[in-house]
2 protein chains.
Amino acid sequence: MVQLEGMGKRTKPSTNLSPDQPISLRTLGEYLNLSPATISLVLNNAPGVRSIPQETRDRVKAAAAKFDYRPSFYARSLRKRQTFTVGVLVPELSDTYATQVMAGAEEYLIEEGYFYLTASHRRKPDLIEEYPRLLMDRSVEGFILIDTILEKSLNLPVVAVAGHRKIEGVTNVVLDQRRAAELALRHLYQLGHRKIAFMRGGSHSSDADDRWQCLMAVARELKLTVPEELCVQLQLRVSTPELGYEPTNELLQRGVDFTALVCYNDISAIGAIRALMDQGLSVPLDVSVVGFDDIQGAAFHNPSLTTIRQPLPQMGKVAARILLQRIRGQATFQDLVPIHPELVIRESTCPPNPRRMRSRRM
Amino acid sequence: MVQLEGMGKRTKPSTNLSPDQPISLRTLGEYLNLSPATISLVLNNAPGVRSIPQETRDRVKAAAAKFDYRPSFYARSLRKRQTFTVGVLVPELSDTYATQVMAGAEEYLIEEGYFYLTASHRRKPDLIEEYPRLLMDRSVEGFILIDTILEKSLNLPVVAVAGHRKIEGVTNVVLDQRRAAELALRHLYQLGHRKIAFMRGGSHSSDADDRWQCLMAVARELKLTVPEELCVQLQLRVSTPELGYEPTNELLQRGVDFTALVCYNDISAIGAIRALMDQGLSVPLDVSVVGFDDIQGAAFHNPSLTTIRQPLPQMGKVAARILLQRIRGQATFQDLVPIHPELVIRESTCPPNPRRMRSRRM
DNA sequence: GTAGATGAGGCAAGCGATTTTGTAATCTCC
DNA sequence: GGAGATTACAAAATCGCTTGCCTCATCTAC
């Protein structure tokens with residue numbers, strides 16, 4: 001006899017052998033002649049399960065396995081008021097800085113049963129304001145911010161990578177900029193460079209100011225003079241090497257001699273190298289270039305980049321760990337979590353060439 | 001008088017002036033002396049709202065604004081059986097190929113009120129199997145697959161970018177490989193190259209076989225002979241330039257002369273160029289190199305890469321659009337959505353150098 | 001004057017879980 | 001043998017929202 005499904009409103013339990021549709025606690029209960037409550041207890045191994053005999057537990061588990069019962073995540077979240085979901089805010093998905101951090105965070109989150117929703121704001125202020133709200137509407141339990149500066153404090157735990165200290169309640173996982181500056185400058189200094197040019201990050205980038213202060217402080221200690229003509233500031237809000245291209249041209253046009261260039265990051269360093277080469281200069285023979293980050297590709301660029309490595313995946317992982325601790329109320333609030341940088345010496349730096357000819361193409 | 005909150009089980013409505021806690025339809029209803037149902041109707045502008053006088057509607061809207069009422073996404077999803085969430089599966093987040101596609105998809109999804117959960121499987125078969133299930137447990141409504149080969153068909157709409165045709169029910173948004181192969185080979189041919197080496201993608205990569213067939217077909221048409229010694233296959237399952245480094249060394253060791261190299265993609269092309277240069281060869285003077293994809297960085301590599309551009313963000317957007325159409329049941333199922341490639345000529349190709357000396361460093 | 005239409009909104013039944021409370025029946029112990 | 005504990009569950013209350021069905025009252029039409 002053919003039995004049509006879903007005929008009556010509430011006919012017989014109908015022992016619906018779930019063809020493929022997900023099965024609910026109630027249908028499972030009808031099949032087992034048990035109440036949904038009991039099944040829930042068993043499957044979650046909740047405290048009250050003590051009073052349920054082993055045999056029944058086995059029956060329940062067997063049936064759950066047989067019908068491949070999977071609890072409705074949304075129903076459960078509604079009841080438990082937990083979503084096991086966090087929000088991740090990044091400037092740009094195609095920026096490997098951000099995605100390497102995300103990769104580290106993701107691994108930890110998934111291990112802990114969390115997933116994340118991503119939104120990339122392309123540094124537009126309205127989106128930086130809107131997206132957190134959209135994500136909060138979806139009941140994320142917290143945020144990971146990557147290279148993102150928030151204007152308003154959110155009502156949830158927030159951990160920022162490459163963050164800043166403006167907003168209350170945000171834990172900052174951030175490179176030890178002081179140490180980073182020392183690594184970069186001492187390296188150049190030891191190679192013999194004295195005329196060093198600097199590229200300063202745009203104010204929209206969260207690491208920029210801090211890094212700048214530290215670089216200048218270390219320069220003073222080394223008794224390096226840093227004339228204003230050897231400093232440029234990045235303007236573009238992009239995450240491509242173009243970032244560093246024009247500023248470097250500008251630097252060259254000023255006609256003040258320098259043998260090394262400290263870039264804001266690897267992306268801009270790549271653009272800078274391009275600009276130098278387009279002007280007929282050799283890197284590193286004419287100008288040594290140092291970057292920050294050690295993004296993927298830094299090692300395979302030509303010349304490969306000497307850089308201050310940030311352990312990005314690890315920073316992501318640390319951020320995720322701290323965020324979950326804060327969500328669970330396990331951690332006392334920390335304002336700052338410093339990460340140790342590492343100097344990676346490759347091809348883009350060498351001692352200054354004493355008799356180099358700065359022959360520029362017209 | 002101080003009124004303690006949450007004192008009694010169900011005391012007076014208590015007109016709780018939500019200090020910051022989210023407010024529910026019920027509390028809002030108590031405040032307005034209306035039932036939750038009415039408020040829901042008004043706020044959603046549901047059909048039944050016709051019978052509600054404008055004045056009441058205004059009152060409701062004003063109160064909602066005043067208390068900043070935001071519906072519980074989870075409650076609503078549970079009820080409507082829609083989550084406005086899709087899953088995105090990628091091999092690796094730090095792979096810019098994937099993230100550029102994601103960037104395009106994300107923009108479209110958010111516009112349409114969707115968000116997405118990402119999982120990166122690092123090409124591990126067990127994760128490729130596990131993650132879709134995890135995401136389905138979270139009630140995603142469909143999947144976008146990026147460079148990911150599924151073994152089992154999922155019970156949901158799936159759109160694959162750089163996909164394959166093995167699995168039923170998957171829409172493939174994929175480069176017109178035939179046209180791509182023509183663009184690459186004709187370009188080299190017209191420059192005068194006749195001895196061309198080829199790099200074939202690993203079998204785990206979803207574009208690999210198709211691209212290979214097309215390249216060989218076009219080579220035949222151009223009457224190019226492709227000796228086996230001029231073909232290498234990628235082995236590594238990574239998304240860094242190392243992918244192409246060793247294979248290129250192997251190619252060189254075979255000692256068979258070639259003037260151009262067609263790489264599987266830009267990532268491997270970068271590795272290949274590195275290998276060539278490490279052997280003292282010049283690119284493009286000794287060997288011209290062509291990549292595929294035009295990833296970020298291809299333009300800023302040194303030498304900049306001649307490549308077959310895939311409009312990755314657009315492909316992501318197309319994938320997202322088709323997925324939503326399928327979710328909404330608007331689209332008739334399409335097996336294949338071809339995307340047009342574009343030849344981008346940069347520095348890594350030039351005519352073969354007739355009197356070049358292949359002097360290799362030992 | 002009364003049937004039927006319309007207006008204004010309440011009621012309640014879900015969605016699919018979790019969790020507290022309740023209740024028979026059996027067991028234990030003195 | 002009866003109080004109290006334990007066993008084995010069921011019932012019911014939420015979680016916060018949507019939606020079909022009702023109920024009044026008033027208004028219109030004949």
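Helices (H or I, at least four residues) and strands (E, at least two) are taken here as DSSP runs, numbered from the N terminus. The structure is a predicted model, in which local features need pLDDT of at least 70 and side-chain atom pairs count only at pLDDT 80 or more, while totals for chains, interfaces and linings use all residues. Residues are numbered from 1 along each chain as its sequence is written, and chains are lettered from A and ligands numbered from 1 in the order in which they are written.

**Confidence**

pLDDT is the predictor's confidence in each residue, from 0 to 100. Chain A has a mean pLDDT of 90, with 92% of its residues at 70 or more. Residues 1-16 of chain A have pLDDT below 50, and this stretch has four contacts beyond near neighbours in sequence. For residues 358-362 of chain A the pLDDT is also below 50, with seven such contacts. Two residues are in contact if their C-beta atoms, placed from the backbone, lie within 7 Å.

**DNA strands**

A residue is near a strand if its C-beta atom, placed from the backbone, lies within 6 Å of it. By class, Ala, Val, Leu, Ile, Met, Phe, Trp, Tyr, Cys and Pro count as nonpolar, Asp, Glu, Lys and Arg as charged, and the others, Gly among them, as polar.

DNA strand C has 27 residues around it, of which Ser24(A), Ala37(A), Ala75(A), Ser35(B) and Ala37(B) come nearest. At least two residues of this surface come from each of α2 (36-44) and α4 (73-80) of chain A and α2 (36-44) and α4 (73-80) of chain B.

Around DNA strand D there are 28 residues, and the closest are Ser35(A), Ala37(A), Leu25(B), Ala37(B) and Ala75(B). Here α2 and α4 of chain A, together with α2 and α4 of chain B, give two or more residues each.

| Surface | Nonpolar | Polar | Charged |
|---|---|---|---|
| near DNA strand C | 13 residues | nine residues | five residues |
| near DNA strand D | 13 residues | eleven residues | four residues |

**Contact between chains A and B**

Chain A gives 37 residues to the contact, and chain B gives 37 residues. On the side of chain A that touches chain B, α4, α5 (96-111), β2 (115-120) and α10 (266-278) of chain A each supply at least two residues. The largest share, seven residues, belongs to α5(A). This side of chain A comprises 15 nonpolar, 16 polar and six charged residues.

Chain A is superposed on chain B by a rotation of 180° with 0.0 Å of shift along its axis (RMSD 0.1 Å). The two copies are therefore related as by a two-fold rotation axis. The superposition is by least squares on the C-alpha atoms of residues with pLDDT of at least 70 in both copies. Both copies use the same surface, as 100% of the contact residues of chain A recur in chain B.
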